[in-house]
Number of protein chains: 2
Amino acid sequence: MLMLQSPLTRKLAAYVALSGADLETLARLHRRRRSFQSGHELIHEGQGRASAFILSEGWAYSYKLLPDGGRQIVDFHIPGDFLGLRSILFRTADHSIEAITRIEATEVLAPDILDAFAEAPRLATAVLWAASRDEAVVVEHLVNVGRRSAEERMAHFLLELGARLALVGAGDRTGFDCPLTQYHLADALGLSAVHVNRVLRHLREEGLVTFRNGRVDFDDFDRLKKVAAFDTGYLDQDGPLLR
Amino acid sequence: MLMLQSPLTRKLAAYVALSGADLETLARLHRRRRSFQSGHELIHEGQGRASAFILSEGWAYSYKLLPDGGRQIVDFHIPGDFLGLRSILFRTADHSIEAITRIEATEVLAPDILDAFAEAPRLATAVLWAASRDEAVVVEHLVNVGRRSAEERMAHFLLELGARLALVGAGDRTGFDCPLTQYHLADALGLSAVHVNRVLRHLREEGLVTFRNGRVDFDDFDRLKKVAAFDTGYLDQDGPLLR
DNA sequence: CGTTGCATTGAGTGTTGTCAAGCTCTGTGG
DNA sequence: CCACAGAGCTTGACAACACTCAATGCAACG
């Protein structure tokens with residue numbers, strides 16, 4: 001079945017052993033293919049009856065705006081991620097999501113997903129697991145912003161992104177392609193763009209990482225991990241828990 | 001049925017219309033009553049095959065430790081909260097949970113919850129929703145720490161806690177009882193304990209809030225909301241989405 | 001009546017933000 | 001082909017917010 005190729009399907013199947021019927025139900029969620037250009041806002045904070053999306057190609061990010069114009073980026077999304085689950089579970093979206101690059105995604109309406117859960121109960125458990133993994137990422141992000149210095153934050157962030165991308169085959173110990181701007185980094189890490197620039201320069205001069213021209217190069221992966229006190233535990237997912 | 005009184009049951013039923021059978025399955029999760037004294041560690045980061053808990057009385061908090069001894073508090077838990085869901089969904093717990101006051105809780109083992117989902121599929125959706133609401137709280141916490149000044153952070157935090165407590169009848173516009181120390185606040189807000197003290201003093205001197213002797217008093221609720229740019233949207237939960 | 005946990009305050013330091021300017025690229029229209 | 005605009009990046013100077021260190025107060029408790 002073609003949809004076995006979907007990155008989300010692969011991810012879920014890695015956690016919960018899904019039956020043929022489950023997979024078929026999951027495949028039906030992948031109708032409604034859409035593509036959006038860079039900068040398109042998929043979900044707007046406050047919007048009612050929003051859709052969710054399964055991202056198959058490109059990068060997006062979710063964020064919240066503050067009354068004073070500030071922006072906090074909550075998470076970056078890469079292929080295989082389920083976007084905006086909370087926006088369909090809640091009456092009104094509590095965050096916004098915007099495409100960073102041109103993206104390919106399938107749109108999932110609220111009834112689609114609720115019907116799918118009724119039809120294939122294991123799917124609900126699998127999605128709960130995926131949502132929990134996303135939450136773990138946000139939690140680690142919170143730790144990062146709350147308790148680490150600017151330099152540690154940056155180092156940790158780049159390593160984490162690298163680890164997540166490596167899981168879907170889009171990066172390794174040498175580095176990864178990265179379409180983010182320094183403004184994205186600033187708003188994700190709770191820093192000013194100016195300071196992000198200073199920190200990046202320092203990390204580069206120390207021979208740790210180089211972030212330039214849409215590419216992150218880990219110049220000294222092991223030393224960088226040390227600076228960041230980086231540990232991948234919260235990303236782990238070996239073998240299905242539910243058989 | 002007695003268990004209709006459980007705060008978690010109330011919370012879930014408010015979101016997803018649950019059948020009698022669903023409620024019965026949910027009630028069966030409430031065997032294994034436990035009580036723990038203040039300071040007891042319910043879940044330890046790194047621990048394998050941990051339990052989850054449904055909190056019925058008292059306060060707890062979840063946190064992560066850093067290699068340098070620092071601590072980031074991720075969330076505080078009050079009656080009706082489901083604790084440690086991620087620790088049973090994952091192979092190993094990615095965070096720790098400790099009792100702040102003496103607490104009453106029921107222990108939930110991994111098979112309990114997975115069997116319950118198989119038996120009563122709607123329960124899985126309901127728990128997914130509860131988990132999403134918790135995630136929304138963490139996200140707002142991240143925004144708070146990432147993009148607000150120390151004073152705004154504190155104001156926002158106290159208002160949020162008040163709003164959550166008000167939902168379970170443990171607080172109102174005048175204030176609430178609060179067993180937290182200034183160290184808890186510091187580790188939750190990403191500040192030093194010393195600075196927390198200064199910020200609290202300033203808020204008190206401005207006539208906004210008073211935090212003293214285990215009690216938070218909102219001296220000027222409306223002005224405080226203004227300082228914090230506080231909006232409860234992310235806590236909303238009017239009426240069942242799934243009927 | 002010492003000890004322990006928590007709260008408070010002051011002094012000095014430093015990390016990070018703000019403001020301001022200039023740079024490099026890229027794409028676009030004249 | 002050149003001028004220009006705009007987005008993103010870079011740097012310096014200065015200010016401020018928040019941290020550390022250190023000392024003290026205060027209550028509860030054994």
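This is a guided tour of a predicted two-chain model, with suggestions for what to select at each stop.

Some housekeeping: residues count from 1 along each chain as its sequence is written, while chains are lettered from A and ligands numbered from 1 in the order in which they are written. Since the model is predicted, local features need pLDDT of at least 70 and side-chain atom pairs count only at pLDDT 80 or more, whereas totals for chains, interfaces and linings use all residues.

**Stop 1: the four-stranded sheet of chain A**

Select β1, β8, β3 and β6 of chain A; they form an open sheet in the order β1-β8-β3-β6, with antiparallel pairing. (Strands are DSSP runs of E with at least two residues, helices are runs of H or I with at least four, and both are numbered from the N terminus; two strands pair if DSSP finds at least two bridges between them.) The edges are β1 and β6 of chain A, each pairing on one side only.

Now walk across. β1(A), residues 33-36, runs antiparallel to β8(A), residues 103-108, and four bridges join them. Pick A:F36 and you'll find A:I103 as its bridge partner in β8(A). Next comes β3(A), residues 52-57, held to β8(A) by five antiparallel bridges. Here A:I54 sits opposite A:T106, and A:F53 sits opposite A:E107. On to β6(A), residues 82-83, which pairs antiparallel with β3(A) over two bridges; A:F53 turns up again, this time opposite A:L83.

How many residues of β3(A) are buried? Five of its six, so to speak a mostly covered strand. (Buried takes 20 or more other C-beta atoms within 10 Å of the residue's own, exposed takes 12 or fewer, and partly exposed is in between, with C-beta atoms placed from the backbone.)

**Stop 2: the three-stranded sheet of chain A**

Switch to β9, β11 and β10 of chain A, an open antiparallel sheet in the order β9-β11-β10. β9 (175-177) and β10 (209-212) stand at the edges with a single partner strand each, so one side of each has no neighbour in the sheet. The twist averages 5° from one strand to the next. (Axes are lines fitted to C-alpha atoms, for helices over the stretch in contact, and angles run from 0 to 180 degrees between N-to-C directions.)

Four bridges tie β10(A) to β11(A), residues 215-218, in the antiparallel sense; look for A:V209 opposite A:F218. Then add helix α6(A), residues 150-167, which packs on this sheet and touches β9, β10 and β11 of chain A, with its direction at about 100° to that of β11(A). (Contact means C-beta atoms, placed from the backbone, within 7 Å.)

**Stop 3: where the chains meet**

Show both chains. The contact takes 42 residues from chain A and 41 residues from chain B. On the chain A side, β5 (71-77), α3 (85-89), α4 (110-119) and α5 (121-147) each give two or more residues. Which element has the largest share? That's α5(A), with 18 residues. Colour the chain A side by residue type and you get 24 nonpolar, 10 polar and eight charged. (Ala, Val, Leu, Ile, Met, Phe, Trp, Tyr, Cys and Pro count as nonpolar, Asp, Glu, Lys and Arg as charged, and the others, Gly among them, as polar.)

Try superposing the chains: a rotation of 180° with 0.0 Å of shift along its axis puts chain A on chain B, at RMSD 0.0 Å. That is the relation of a two-fold axis. (The fit is least squares on C-alpha atoms of residues with pLDDT of at least 70 in both copies.) The copies meet through the same surface, because 98% of the interface residues of chain A are also interface residues in chain B.

**Stop 4: the core, then α7 of chain B**

Select A:A60 and B:A60, the residues with the most contacts inside the largest nonpolar core, which has 150 residues. (Such a core is a set of buried Ala, Val, Leu, Ile, Met, Phe, Trp, Tyr and Cys residues joined through C-beta atoms within 7 Å.) Not counting residues up to four places away in sequence, B:A60 touches several others, including B:L42, B:H77 and B:I103.

Finish on α7(B), residues 182-189, where the buried residues are B:H184, B:L185, B:D187, B:A188 and B:L189. These pack against β4, β5, α5, α6 and α8 of chain B. Right after the helix comes B:G190, with a positive phi near 70°.
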